[in-house]
Amino acid sequence: MYTKKKRGLSPWIIGTAFFLACGALVLALRDILMPFIVAAVLAYILNPLVEKLRDKGVPRGAASMLVMLFALLLLLALLLILVPMLITQFENLTNRLPQLIDFAQNKALPWLHAHFGGSLPLNKEAAANWLKNHSGTVQQAASQIAPALMAQGGALAVGVSNFVLLPLLLYYFLFDWQRWSHGIRALIPRRFIDTYTRISREMDDVLGEFLRGQLMVMLIMGLVYGTGLMLTGLDSGFAIGMIAGILVFVPYLGAFTGLLLATVAALLQFNSWHGMVAVWSVFAVGQFLESFFITPKIVGDRIGLSPFWVIFSLMAFGQLMGFVGMLVGLPLAAVCLVLLREGSQAYFASRFYQHK
């Protein structure tokens, strides 16, 4: 009588060790891999556009180049909106610097002195005396800051090189995406091909829902920030709010950038604390809604993650992989969710679980 030979645990042990080694390698090289990961994520998002162009008869190389240029033009358009606004706010700040100093000296500092005591005059003579009395401390602090600035300069150079490298990587990812996907499929053992097809299709569906949900979050947060700042009476409030909403896809970047721009604009426009507090309140409420209600409800529900796991995944992957981890935290959590569903179904259907 023929008996089916049982497979041992060796393949599972080898496979687990392989994935653990790959994970450790990714963590060790996370700074180097940053442009590659970002390019891969962008290629996954933009690959459907390449496929649509190919269906219309455009060669894949030309389609990849067109889509890459389209993505760069979108980024350039965002910079053309953001950078002139920053320059304008900086020029306004420079022009109104004497008024700001007068406000600080005649209103802000007297209020601080009245409520907290002490005396802190703000004038040229006081600044000169302070520098003279603390020259040794200032020199020591400067000597300690210099190496840090050198290190930051190196980090800035790496960031610039990664930014320059990103379009090239994006093009090659788009160009070779289909070949790589077919190559990975060809490596899958034939007895697992149906399972692989089902899991990969489910991952595509989940990640597609994530992207659509994230776009909806960006639109909602842009309207929340823009409407809130407009109601405070800030002149460029709606534009600043929409920029903050667009940047929401990177956690906390949108709120931080919008808060910085709105604070500068409020300093130049309002002559009281009430306007500043109103602007800050808009971002405090918006960040609370986005972190605990809007993103968990819209994105979490679409990919099947509870609000708890959405917040945990952002914090966990951010801790493990830094900025890149925060960027891809929810997509990775969605992939892990699909794998956990498959694993739980296999476990509950196994003889180990059902055997009494």
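**Exercise 1. Is R341 buried, partly exposed or exposed, and at what relative accessibility?**

*Solution.* Keep in mind as you work that this is a predicted model.

Step 1. Recall the cut-offs: under 20% relative accessible area is buried, over 50% is exposed, and anything in between is partly exposed.

Step 2. R341 has 32% relative accessibility, so it counts as partly exposed.

Step 3. Now look for its partner. R341 forms a salt bridge with E202, and the closest N and O atoms of this pair are 3.3 Å apart. The two ends come from distant parts of the chain: E202 sits in helix α7 and R341 in helix α12 (residues 329-348), with their positions 139 residues apart.

Step 4. Check the other end. E202 comes out at 22% relative accessibility and therefore also counts as partly exposed.

**Exercise 2. Find the salt bridge between D176 and R179, and classify both ends.**

*Solution.* Step 1. Take the distance. The closest N and O atoms of D176 and R179 are 3.3 Å apart, and the cut-off for a salt bridge is 4 Å.

Step 2. Place the pair in sequence. D176 and R179 are three residues apart in helix α6, which means about one helical turn separates them.

Step 3. Classify each end. D176 is buried because its relative accessibility is 11%. R179 has 54% and so counts as exposed.

**Exercise 3. Which residues are joined with E51 into one salt-bridge network?**

*Solution.* Step 1. Start with one pair: the side chains of E51 and R60 meet in a salt bridge, at 2.9 Å from N to O.

Step 2. Extend the pair. Through salt bridges that share partners, E51, R54 and R60 form one network.

Step 3. Classify the starting pair. E51, at 21% relative accessibility, counts as partly exposed, whereas R60, at 11%, counts as buried.

Step 4. Put the network in context: the count of salt bridges comes to four.

**Exercise 4. Which helices each supply at least two residues of the nonpolar surface patch?**

*Solution.* Step 1. Select the patch members in your viewer: M65, L69, L72, L73, L75, L76, L79, L80, V83, I87, F163 and V164. Together they make a nonpolar surface patch of about 1,000 Å².

Step 2. Assign them to elements. The helices that each give at least two residues are α3 (60-95) and α6 (135-187).

Step 3. Weigh the shares. Helix α3 provides the largest one, with ten residues. F163, for its part, is located in α6.

**Exercise 5. How far apart are G208 and Y44, in sequence and in space?**

*Solution.* Step 1. Locate G208: it belongs to helix α7 (residues 193-231).

Step 2. Compare the two separations. G208 and Y44 stand 164 residues apart in sequence, while their C-alpha atoms are 9.9 Å apart in space.

Step 3. Add the accessibility. G208 has 15%, so it counts as buried.

**Exercise 6. How many helices and how many strands does the chain have?**

*Solution.* Step 1. Count the elements: there are 13 helices and zero strands.

Step 2. Look at the contacts with a separation of 6 or more. Of these, 67% are between residues 24 or more positions apart.

Step 3. Finish with burial and surface. Among the 356 residues of the chain, 30% count as buried. The accessible surface of the chain is about 23,400 Å², and carbon and sulfur atoms hold 72% of that area.

Key:
Residues numbered from 1 in each chain as written. Predicted model: local features only at pLDDT ≥ 70, side-chain atom pairs only at ≥ 80, totals over all residues. Heavy atoms only, no water. Patch = residues over 30% accessible without salt bridge, like charges linked within 9 Å, V, L, I, M, F, W, Y side chains within 5 Å. Areas by Shrake-Rupley, 256 points an atom, 1.4 Å probe, with all protein chains shown as cover. Helix = DSSP H or I, 4+ residues; strand = E, 2+ residues; numbered from the N terminus. Buried < 20%, exposed > 50% of the residue type's maximum accessible area, 1.4 Å probe, protein only. Contact = heavy atoms within 4.5 Å.
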